[in-house]
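Colleague: Before I use these labels at the bench, I would like to hear what stands behind each of them. Please take me through the model.

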Amino acid sequence: MLSLKSSIEEALLCNEVKAIVVNGSGGKFSGGADVKVFGKSEMVKKRNEVGFISIELITNLLEAARKPLVAAIDGPAFGGGLEIALACHARISTPTSQLGLTELQYGIIPGYGGTQRLPRLVGLPKALEMILMSKRVNGKDAFSMSLVDAVAPADELIRSASRWALDISEARKPWIHSLYRTDRLEPLKEARLILNTARDEAQKQNPNVTHPLICIDVIEEGIVSGARIGLWKEAEALNELRQSETCKSLVHIFFARYNTSKISGITDMGLQPRKVNRVGVIGPGSIAIATAFILANFPVIFKEDDENSLEATIGEIKANLHSHLMAGKMTKEKLERTVSLLKGVLSYDSFKDVDLVVEAVEGSIQLKQQVFADLEHYCPQHCILASSSPTLDLNLIGERTKSQFRIAGAHFCSSSMLEIVNTECTSPQVIVDLLDVAKKMKKTPILVRNGSGLVVNRIRAMYSQAAMFVAAEQGEEGKHRVEQVMDKFGMAISPFRMMDIVVESMSTLSQNKQDTGSSNSTWKEAKDSPNDFKVAKLSEEDIMKMILFPVVNEACCIMEEGSVVKASDIDVASVVAMGFPSYRGGVVYWADHTLGSKYICSTLETWSNAYGPFFKPCAYLRKYSSIGTPLMQIKSHL
């Protein structure tokens with residue numbers, strides 16, 4: 001920002017310069033401010049003082065410049081980057097550029113004038129939609145909504161922006177200061193109605209966070225009292241919000257998601273992902289998997305054992321795709337192209353050209369062993385052999401093969417998450433390849449160690465078991481109260497709705513936990529505990545703790561076993577696949593930053609003595625809580 005300030009000042013002082021074009025390098029306008037500075041409590045000196053960038057630099061220097069400035073936008077123009085463009089006197093973009101004010105997803109608000117300028121350019125309803133939803137629009141759509149003034153091909157962008165800037169300088173095009181436009185703003189009475197509707201919707205969607213409401217207040221202040229006053233209110237609000245716990249939590253989970261694909265000893269070895277051109281899938285359990293692959297434009301060969309099963313499978317996949325069509329998520333042409341990527345077969349002969357196979361066969365371990373032996377025989381030597389089973393040992397599954405280095409797990413545990421499972425034999429190249437596949441499928445990957453339940457199913461199971469324990473004595477009344485409390489906390493998924501997902505893993509988890517020193521009771525054991533209690537005696541806070549503290553304990557068991565690379569991976573899993581609120585940072589981060597591990601451990605000890613072993617804290621939690629080490633700081637290794 002200071003470099004931009006110096007460049008503009010230099011251009012304004014140069015008599016030979018008639019107009020200025022602002023653009024980014026390498027086909028990227030600007031991704032916005034560095035997210036690392038969000039959530040920092042330290043106050044930086046002069047350059048980050050309240051209002052310095054928004055008012056002194058962007059408004060008083062850039063927008064008020066005596067020479068016209070035109071933004072030439074290619075690639076991303078997000079956050080503060082777009083706000084700089086909004087203050088220019090015109091904007092030219094490529095059709096495929098991406099524009100958006102994405103600050104709310106980090107717990108803050110646009111702070112460089114975006115709350116004031118965007119409504120004046122595109123109108124209040126569209127501005128609220130873009131800001132409150134962190135919605136991004138491409139250059140073509142931005143032109144249709146008057147966010148940009150013209151669209152040009154990438155190779156003509158600078159030339160077009162330069163002509164436009166000179167046209168403004170020579171009065172052939174209007175010199176527009178977006179901060180002071182009023183022609184796109186609704187009348188005050190109508191504007192207040194729109195803003196109040198937005199407030200109601202924001203509170204309904206997420207009553208536990210305040211930054212969307214603060215953002216709406218800032219927008220309204222500018223409409224009622226004038227844009228300059230709105231800028232000051234925006235700057236003050238940003239200064240407060242960037243130090244909020246919500247901001248810190250959202251920034252944590254943002255980087256945690258980014259870092260799931262950064263794995264020491266694997267992704268830092270210089271390995272490049274091999275291209276996966278064709279995917280094979282096997283078994284009735286892989287219908288959703290096959291659908292996900294073809295939706296991501298991977299050609300898929302689907303094998304079944306007989307013609308009737310194959311016909312039924314293809315029919316189900318087509319029905320899945322048709323639901324996307326009916327929901328408006330794809331066109332008829334896109335549906336036809338996607339269906340064309342699917343090929344059904346009855347033998348392994350067609351697997352000679354696949355680069356990845358995902359097995360989801362229902363049956364015994366012996367059947368899966370035979371499947372993998374067949375795959376080793378028919379598939380090319382470079383082909384990755386993956387199982388989608390979250391409960392069976394990959395070492396056993398691949399026991400009859402000589403290719404255990406290319407065997408891994410690929411557990412499609414939610415619509416947006418993929419658990420990649422490695423064994424001691426799995427090649428780093430295979431992991432790199434699967435991370436790339438996850439990226440192309442737009443799924444968040446986490447690497448987990450081979451073992452029963454993996455990570456997602458274990459925290460899901462504990463969430464559901466704990467909720468059932470609390471609700472047991474009150475029947476449906478207890479169930480309803482539990483759902484209310486967890487919904488109020490911000491959980492996106494009811495613990496009882498989740499039960500169907502984890503039932504299969506319950507017995508495996510119970511058996512596996514015997515060796516960890518953690519809570520080792522099944523639901524029946526918990527219900528039959530000699531010290532039964534009544535939910536009615538518990539406050540809402542106690543219900544919440546009684547459900548989530550066992551999940552924290554399970555997370556500690558997972559870290560103790562070395563089943564994840566880092567604690568933040570469990571945070572990502574809890575947010576993406578369990579419905580834990582992202583604005584609380586994930587279950588481990590939340591445990592550290594609310595009550596602390598010492599309190600959680602002592603509370604679990606008390607409950608264990610009173611209600612049975614379900615609540616017994618594991619050795620890992622007892623150890624680190626006793627020495628006051630935050631759970632997030634502990635390194636886990638696969």
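Modeller: Begin with helix H15, in what is a predicted model. The residues of H15 that count as buried are Lys 368, Gln 369, Val 371, Phe 372, Ala 373, Leu 375 and Glu 376.

Colleague: What covers the buried residues of H15?

Modeller: The cover includes strands E8 (279-282), E11 (356-359), E12 (384-387) and E13 (407-414), together with helix H16 (394-397).

Colleague: How do you know what span to expect for H15?

Modeller: H15 covers residues 365-378, which is 14 residues. The expected span is 1.5 Å times one less than the number of residues, and for H15 that is 20 Å. From first C-alpha to last, H15 reaches 20 Å, close to the expected value.

Colleague: What makes E13 mostly covered?

Modeller: Buried means under 20% relative accessible area, and eight of the eight residues of E13 are buried.

Colleague: How do you know which strands pair with E13?

Modeller: A pair needs at least two bridges. E12 and E13 have three and run parallel, with Ala 386 bridged to Ala 408 in E13. E13 and strand E14 (residues 417-422) have four and are antiparallel; there, Ser 414 has Met 417 in E14 as its bridge partner. Both therefore satisfy the requirement of at least two bridges. A hairpin of two residues links E13 to E14.

Colleague: Why are E1 and E7 said to stand at the edges?

Modeller: They belong to an open sheet of four strands in the order E1-E2-E4-E7, with parallel pairing. Strand E1 (20-23) and strand E7 (150-151) each have a single partner strand, so one side of each has no neighbour in the sheet.

Colleague: What makes E4 and E7 a pair?

Modeller: Strand E4 (residues 90-93) and E7 are joined in the parallel sense by two bridges, and at least two are required. Ile 92 stands opposite Ala 150 in E7.

Colleague: Why is Ser 134 called buried?

Modeller: Its relative accessible area is 15%, and the cut-off is under 20%, so Ser 134 is buried. Ser 134 sits in the loop between helix H5 (124-132) and strand E6 (136-138). Its phi is positive, about 50°, although Ser 134 is not a glycine.

Colleague: Is Ala 171 buried or exposed?

Modeller: Exposed: the relative accessible area of Ala 171 is 66%, and exposed means over 50%. Ala 171 lies in the loop between helix H7 (157-169) and helix H8 (188-205). Ala 171 also has a positive phi, near 65°, and is a residue other than glycine.

Colleague: Why is Ala 319 called partly exposed?

Modeller: Partly exposed is the range between under 20% and over 50%. Ala 319 has 44% relative accessibility, so it counts as partly exposed. Ala 319 is in helix H13 (residues 307-326). Between Ala 319 and Gln 633 there are 46 Å in space, C-alpha to C-alpha, and 314 residues in sequence.

Colleague: How do you know that Leu 195 in helix H8 is buried?

Modeller: Leu 195, in helix H8, has a relative accessible area of 1%; the cut-off is under 20%. Leaving aside neighbours within four places in sequence, Leu 195 contacts Leu 124, Leu 128, Ile 216, Ile 219, Glu 220 and Ile 223.

Colleague: How many Å separate the C-alpha atoms of Leu 195 and Glu 376?

Modeller: They are 61 Å apart, with their places 181 residues apart along the chain.

Key: Residues are numbered from 1 along each chain as its sequence is written. This is a predicted model: local features need pLDDT of at least 70, side-chain atom pairs count only at pLDDT 80 or more; totals for chains, interfaces and linings use all residues. Side-chain values use heavy atoms; hydrogens and water are left out. Buried means under 20% relative accessible area, exposed over 50%, partly exposed in between (1.4 Å probe, protein chains only). Contact means heavy atoms within 4.5 Å.
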